[in-house]
Amino acid sequence: MFQAGDKVRIVACEDDPRAVGKTGRIVDEVAPGPLTGGRWTVNRISFLIGPVLCHGHELQKV
């Protein structure tokens, strides 16, 4: 389980494969629901990559 502000490494990402291998911060303050398809919002990845949605198994805490 992640919390808002947690720093994570993206190990896989269906939403944007360019984000794989990069780190970012979790945006969601509550567990993801049906609106995001159960995926976490990760931001602050890169200047060229906006926020992405990733499943919990695609993320690793740093």
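User: Which cysteine sulfur is closest to the one in Cys54, and why is there no bond?
Analyst: The closest one belongs to Cys13, but at 3.3 Å the two sulfurs are too far apart for a bond. A disulfide is a pair of cysteine sulfur atoms within 2.5 Å.

User: So how many disulfides does the structure hold?
Analyst: The count is 0. Keep in mind that this is a predicted model, where local features need pLDDT of at least 70 and side-chain atom pairs count only at pLDDT 80 or more, while totals for chains, interfaces and linings use all residues. Residues are numbered from 1 along each chain as its sequence is written, and side-chain values use heavy atoms, with hydrogens and water left out.

User: Is Cys54 buried or exposed?
Analyst: Cys54 is buried, at 0% relative accessibility. Cys13 is buried too, with a relative accessible area of 7%. (Buried means under 20% relative accessible area, exposed over 50%, partly exposed in between, using a 1.4 Å probe and protein chains only.)

User: New topic: how many residues are in the largest nonpolar core?
Analyst: It has 13 residues, and those with the most contacts inside it include Ile10, Val42 and Val52. Such a core is a set of buried Ala, Val, Leu, Ile, Met, Phe, Trp, Tyr and Cys residues joined through side-chain atoms within 4.5 Å.

User: Which strands each supply at least two residues of it?
Analyst: Strands E1 (7-10), E3 (40-43) and E4 (52-54). Strands (E, at least two residues) are DSSP runs, numbered from the N terminus, as are helices (H or I, at least four).

User: What does Val52 touch?
Analyst: Leaving out residues up to four places away in sequence, its contacts (heavy atoms within 4.5 Å) include Ile10, Cys13, Trp40 and Ile45.

User: And in what order do the strands sit in the sheet?
Analyst: The 5 strands form an open sheet in the order E4-E3-E2-E1-E5, with antiparallel pairing. Two strands pair if DSSP finds at least two bridges between them. E4 and E5 (59-61) are the edge strands, each pairing on one side only.

User: How many bridges join E1 and E5?
Analyst: There are 3 bridges, in the antiparallel sense. Val8, for example, has Lys61 in E5 as its bridge partner.

User: Last one: how many aromatic pairs are there?
Analyst: Just 1 aromatic pair. The rings of Phe2 and Trp40 have centres 5.5 Å apart and planes at 85°, so the pair is edge-to-face. (Rings of Phe, Tyr and Trp, taking its six-membered ring, pair if their centres lie within 6.5 Å; planes under 30 degrees apart count as stacked, over 60 as edge-to-face and the rest as tilted.)

User: Where in the chain are those two?
Analyst: Phe2 is in the segment before E1 and Trp40 is in strand E3, 38 residues apart. Both residues are buried.
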